[in-house]
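Open the structure in your viewer and keep the selection tool at hand. Each stop below says what to pick and what is found there.

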Amino acid sequence: MKHFLSLVLSISSAFLFGDDSATIFSKDRLVQFYDEFLLEEKLYLSEAGVGSYGGVYDPFTPPPNPAAPPFKSGYLPMALVNQSGYPDSQVYVLVTGDLTDGATQAWGQVDTSPGSNFGVASLVVAATGQNATQFSCTLSQLPSYNAGNGNTGRVLYLPQITSGLVWFSIGEALSMTVNGNSIVHPSYTTTTTNFDTFEMTYLLSGDPQVSVDTTAVSAFSIPLYAYLSGATSVSANSGVYQPRSYIMEQLESAFASATESSQWSNLVLKNGSTVLRCLSPGQAISASLFDENYLNNSASYGYSYLSNLLTYYNTHALSMTVGVTVPSTATYNYTGSATGNIFSFTSTNGGPSVTFEAFANGPPYTSSTTYNILEGLNLVNPITQPTAGTAADAVSKLFEEAIVAGILPTTNTVVLSSLVANQSSYYKVNANLSSPGGTTGPWYDLYSKVLHEFGYIYTYAYDDALWPQVLLGAPFTNNSTYVGITIRNSQ
Amino acid sequence: MNKMWLIAGVLCLSVGATAASNTVDNQNSCEDTFLAASGKNKKHSPDRQKNEEQKEAMPSFLQLGGDYTYVSFKPAGLPSFHGNLGGAQVSYEYKRMDSFYGALTTDWKQGHMHGTDGKRHLLYIDVQERFGYTATCAQEKVMFTFFTGLGYRHLGHKFIPSTGSVLYFRYNELYVPVGVLADFVAASWFTLKLEFTWMPQVYPTVSIVPLKGARWILTEQLANFYGSIPLDFTLTKGKTFHLVIEPFYERWKDGHSTAKTSTGIPLGLPGNTYNFWGVNVNFGFQF
């Protein structure tokens, strides 16, 4: 009896005065267990339509912004609301990015033990032998909080990070290795796990200090809808919120309706009947799923867009205005013309001349002008890439942006500000195309067109210029600034 | 205790005045009842004495029968379900005139309910233990029984939703029945009865499967009522065998869950409202 009483007293005191050690009883862990149990039960109820887990929501209405999560001084909280249709225990999160030096790649190691650092990610420099699975956690392992509107939120606390990527995957953690000191991202064509990424940078020396965006530059798979509190950017929200299945259906439908549907339909990557993701045309070319010479293949399509462009600008002038920052900030006006299969640009106000490499076809696809345009590689030198901010960089980018958006050929001056002011004119059949260009193709980026009908999301390498609404920026105010991401229906 | 008898006597006086035909007799009889309840002597007429002796001799009443129930079920904020239930019930009553009343009732029924959100299989089990006091008036042609006790209600749902996987809800609810029974002897072969029971809950819980191991506490619901009109036909001259046909209505509520996470996120199980209409058909044995 005496021993029994001693045991009871020991256990009771362990419950009452337990700390966060993983080896003894802990009040925090018991509370965490209770919370997880309740949330799992809540999810079951939600799935059966009895009560709600992610709040009652209209799948075709933007979700409400998550309420402010609890703060931890110095960290940027990322509030995650799971409306994916999958339980928190099946939604995986992984953080990768660079240290504040902007060069050293690192993983986000998330503390999943209840305690003062619960949910805090610390950066671990990438090294050979590591795998992303070591650094992944599920939403259910993160602290929960009341995100408002009936939503249950999870919080991830991020330290300063540059070029950060938050990876979401369903059902299993992503596997990524390290080659040298570089993290090898998963293949968009062979990975069967449903995954997507969210881009963010939190740097106290940055301007803005916090910047985030939703991206489908490589592929689209999971609808993510973002919010940045205290945003000073054009908008405080970006991303898409419609159900994944609906977006995929719309993409498939648009591709099937295209004249060259045999090419576009290949963008929707399937594993059997399961849609894995929708690839961007550039990604699809690198996987041999899309014609690497799509823009210059008259033998297949009875029309060559690039030949049409060269012919047009052999007799017309292409006026463009670009802003440069290297070697110094300036705005240059250019007049471009085509001779043979080479475009060259001459500045009328002191800018350096710019000449593109001769338009060419693959194989290999890396030699194809089509690939360079759709993948956002520089047309002056796609291999070494001119320094960002130079005239060679700016002219090539604007030229490619105008092609992807369907603006070229045009006799109007191509200037970014006028493009952005007329976003509704993007992705339409260009009236200046010679026959049969108007009835074939399309010769703009149909992938971008469809996704932009759902919301502000990057779909092309230089969409930051075409769609400035996507990038959210804000100064960092300690214990006030936070990012919200709602993971919408991903089934 | 005297206070309770006083209340019983006053109720008896007021009901007896309207229920019976002979006002003088009523007043006398209720006065007698009141006197009896107060522990004082009363006089007995030969007929009354015979009647009383007969009842005193057979204070136990055992009933067994089946039932049909139509149920309308509505979870708060969600679409309704409707369906039919069938089952059986057994009850034992000990009822002496102007004396202690005790009873044990058990009721089981089950069936299916259908709605736009899916289908539910409902299992209903109710056990009620009662004790109270029976007061008579109008020459024992009218009896009022006031009772309370303890009740246990189990409501098991197998919910097959239109989307999502099957869920089981097991409601276990303790309640305190507080009620009144009225017996109006209309003829030697027929007694009209009325029953009304208020059933405030005291400890309602629910467990949800597939995640077992937790019984979630629900808010106590007070607005639960049962009302019935048993028509008691005596089948034999000796009053030993009875046929009781009992139309009934019941309104029952399950409370919503009260559980929240440490950060205030509620479990969010909504409350339910049931409306039961039906009829019990029982065979009774008095002894």
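The tour starts with whole chains, then goes through sheets, cores and one loop residue.

**Stop 1: the chains**

Bear in mind throughout that this is a predicted model. Select chain A, which holds 12 helices and 24 strands. Of its 491 residues, 50% are buried. Taking the contacts in chain A between residues at least 6 apart in sequence, 66% join residues at least 24 apart.

Now add chain B and look at where the two chains meet. There, 23 residues of chain B are in contact with 20 residues of chain A. What is the make-up of the side of chain B that touches chain A? Its residues comprise 14 nonpolar, 8 polar and 1 charged.

**Stop 2: a five-stranded sheet in chain A**

Select β18 to β22 of chain A. These form an open sheet of 5 strands with mixed pairing, in the order β21-β20-β19-β18-β22. Which strands are at the edges? They are β21 (354–355) and β22 (414–415) of chain A, each of which pairs on one side only.

Go to residues 318–324 and 330–339 of chain A, which are strands β18 and β19. The two pair in the antiparallel sense over 7 bridges. To see one such position, show Thr321(A), which stands opposite Asn333(A) in β19(A).

Next, bring up the helices on this sheet. Helix α9 of chain A, residues 391–404, packs on the sheet and touches β18, β19, β20 (342–347), β21 and β22 of chain A. The direction of α9 makes about 125 degrees with that of β18(A). Helix α7 of chain A, residues 305–315, lies across β18 and β19 of chain A and runs at about 105 degrees to β19(A).

**Stop 3: the nonpolar cores**

Show Met78(A), Leu156(A), Leu158(A), Ala226(A), Val395(A) and Val483(A). These are the residues with the most contacts inside the largest nonpolar core, which has 131 residues. Helix α9(A) gives the most to this core, with 9 residues. Why does the core lie between domain 2 (76–242 + 471–487) and domain 3 (294–447) of chain A? Both domains give residues to this core, so it lies between them.

Center on Val395(A). Not counting residues up to four places away in sequence, Val395(A) touches Met320(A), Val322(A), Tyr334(A), Phe345(A) and Val354(A). Apart from the largest core lies another core, of 26 residues. Leu39(A), Tyr124(B), Leu155(B) and Ile208(B) are among its residues.

**Stop 4: a three-stranded sheet in chain A**

Select β13, β16 and β17 of chain A. They make an open sheet of 3 strands in the order β13-β17-β16, with antiparallel pairing. Strands β13 (219–220) and β16 (268–271) of chain A are at the edges with a single partner strand each, so one side of each has no neighbour in the sheet.

Strand β17 of chain A covers residues 274–279 and pairs with β16(A) over 4 bridges in the antiparallel sense. Show Val268(A) here: its bridge partner in β17(A) is Cys278(A). Then select residues 244–257 of chain A, helix α3, which lies across β16 and β17 of chain A. Helix α3 runs at about 115 degrees to β16(A).

**Stop 5: strands around β13 of chain B**

Move to chain B and select β13, residues 241–254, together with β11, residues 225–228. These two strands pair in the antiparallel sense over 4 bridges, and Ser228(B) stands opposite Phe248(B) in β13(B).

Add β12 of chain B, residues 231–234, which also pairs with β13(B) in the antiparallel sense, over 4 bridges. Phe233(B) has Leu243(B) as its bridge partner in β13(B). Strands β12(B) and β13(B) form a hairpin with 6 residues between them. In the turn, Lys239(B) has a positive phi of about 65 degrees.

Finally, add β14 of chain B, residues 272–286, which pairs with β13(B) in the antiparallel sense over 14 bridges. Here Glu250(B) stands opposite Phe276(B) in β14(B).

**Stop 6: a loop residue in chain A**

Return to chain A and select Asn296(A), in the loop between α5 (281–286) and α6 (298–301) of chain A. Is Asn296(A) buried or exposed? Asn296(A) has 26 other C-beta atoms within 10 Å, so it counts as buried, the cut-off being 20 or more.

Leaving aside neighbours within four places in sequence, the contacts of Asn296(A) include Tyr305(A), Phe359(A), Asn361(A) and Thr369(A). As a last distance to check, Asn296(A) and Asn308(A) are 9.1 Å apart, C-alpha to C-alpha, and 12 residues apart in sequence.

Definitions and conventions: Residues are numbered from 1 along each chain as its sequence is written. Chains are lettered from A and ligands numbered from 1 in the order in which they are written. This is a predicted model: local features need pLDDT of at least 70, side-chain atom pairs count only at pLDDT 80 or more; totals for chains, interfaces and linings use all residues. A residue is buried if 20 or more other C-beta atoms lie within 10 Å of its own, exposed if 12 or fewer, and partly exposed in between; C-beta atoms are placed from the backbone. Two residues are in contact if their C-beta atoms, placed from the backbone, lie within 7 Å. Ala, Val, Leu, Ile, Met, Phe, Trp, Tyr, Cys and Pro count as nonpolar, Asp, Glu, Lys and Arg as charged, and the others, Gly among them, as polar. Two strands pair if DSSP finds at least two bridges between them. Axes are lines fitted to C-alpha atoms, for helices over the stretch in contact, and angles run from 0 to 180 degrees between N-to-C directions. A nonpolar core is a set of buried Ala, Val, Leu, Ile, Met, Phe, Trp, Tyr and Cys residues joined through C-beta atoms within 7 Å. Domain bounds come from an automatic or database domain assignment.
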